[in-house]
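Student: Could we go through this model together, setting each value against the definition behind it?

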Amino acid sequence: MKKIRVSTPGKLMLFGEHSVVYNKPCIVAAVDQRFEVIVEKLEKQEIIVEAPGVGLKFYRRSLKELGGKRVPKGIRFVEAVVCQFFEKHGDGQGLRIETRNHFDSKYGFGSSAAVTVGLAKALHELFEIKISEKELFDFCYKVVLKVQGVGSGFDVAAALFGGVLYFVTGGKRILKLKVNKLPMVVGYTGIKADTPTLVRQVAELKRQHPKKINKIFKEITFIVDKAKKLLPQGKWKELGKLMNENQEWLHELGVSSVELDKMIEVSIEAGGEGAKLSGAGGGDNMIVLVDKREKESVAKAIEVAGGEVMKVKLGAEGVRIEQ
Ligand code: PMV
């Protein structure tokens, strides 16, 4: 039977996290750590999922049971994609779905969005249904909102389009930036970030102090718009400064952490042009913009501070069919 194999890149937020939830722009880069989804039709009316990367060796559910409660955490996105797809398409046949990570999903490279995009793309391909990139984005963003409740959709866009994107909430604008190379070091804190909780925490802060938080979002938007111009020009010194400024505002929002602060501080001391957390905060990753000559010393400093240096290339290709 026909098998479709699709791969999607992970992502790293460069500028504009949190404010992007509120109709503001951000800049996101796809990373070359890829996720794979393999799908094929089954005669039996059931879905079988194998997702070893999220600790799920074998999961079986009849089509009739789909959309019910008590779905294991690791495959909520998978089941939501299948349900949404079957609302419109499908021919009563079952599916076998396999997901593979090239790296551990704990690293905060956007595994949920990547799997959502990969599976949605693979299903449309398997059933030979034409769908435009924007329609696929809307399909996937709907899934993410259904499962997670909150989110701007920036991670969906990165998995879908790849490269370096200027992105506005919900895909109101998705613009590919021409960025040649991004001299960055990525450090993982060892702590898994809880994105929905942090997004809700910022929402609560905004409810209590609307003026202050709106001002912070406005400042971050200035930074994002400046970075949008400077990234294609490769103005690393200026971009480094913008990263530091963005980090100060994130700190003010209360989403940084002791570990992130420490890793950021030592990176700058070791010669980094600029550094900030990447993503929701509270853990996950930090990024440092750094000249080639200082790369080694920055990486070493991050490790001494307790972080793990991640080997990733930024600006990776978006979703693609592998066979
Ligand atoms: O934690 P991450 O890497 O998924 O990033 C979250 C970024 C936020 O702006 C806080 C939320 C969002 O969906 O844009």
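**Labels and their grounds**

Tutor: Bear in mind that this is a predicted model. We can begin with N23, which is located in the loop that runs between β1 (3–15) and β2 (25–42).

Student: What makes the phi of N23 notable?

Tutor: The phi of N23 is near 60°, a positive value in a residue other than glycine. Most residues other than glycine have a negative phi. A second case is E128, whose phi is near 55° and likewise positive in a residue other than glycine; E128 sits in the loop between α2 (111–126) and α3 (133–148).

Student: Why is E128 called exposed?

Tutor: The relative accessible area of E128 is 63%, and the label exposed applies over 50%, so E128 is exposed.

Student: Why is K2, in the segment before β1, called partly exposed?

Tutor: K2 has a relative accessible area of 39%; buried would need a value under 20% and exposed one over 50%, so K2 is partly exposed.

Student: How do you know that K2 and E128 make a polar contact through their side chains?

Tutor: The distance given for the contact between these two side chains is 3.0 Å, and the cut-off for a pair of N or O atoms is within 3.5 Å, so the pair of K2 and E128 meets the distance condition. Leaving aside residues up to four places away in sequence, K2 touches V39, E40, K41, E125, L126 and E128.

Student: Which domains does the assignment give, and what is the count of salt bridges between them?

Tutor: The domain assignment gives domain 1 (3–178 + 316–322) and domain 2 (184–310), and their contact takes 28 residues from domain 1 and 38 residues from domain 2. Their centres, taken over C-alpha atoms, are separated by 26 Å, and between domain 1 and domain 2 the count is 1 salt bridge.

Student: Why is the meeting of K276 and E17 called a salt bridge?

Tutor: The side chains of K276 and E17 are 2.8 Å apart, N to O, and the limit is 4 Å between a side-chain nitrogen of Lys or Arg and a carboxyl oxygen of Asp or Glu, so the pair qualifies as a salt bridge.

Student: How much area do domain 1 and domain 2 bury between them?

Tutor: Domain 1 and domain 2 bury about 2700 Å² between them, with 70% of it on carbon and sulfur atoms. Between these domains there are also 9 residue pairs in polar contact, both residues being at pLDDT 80 or more.

How values were computed. Residues numbered from 1 in each chain as written. Heavy atoms only, no water. Helix = DSSP H or I, 4+ residues; strand = E, 2+ residues; numbered from the N terminus. Buried < 20%, exposed > 50% of the residue type's maximum accessible area, 1.4 Å probe, protein only. Contact = heavy atoms within 4.5 Å. Polar contact = N/O pair within 3.5 Å; in protein donor to acceptor, adjacent residues only side chain to side chain. Domains from an automatic or database assignment. Buried area = accessible area lost by both parts, 1.4 Å probe.
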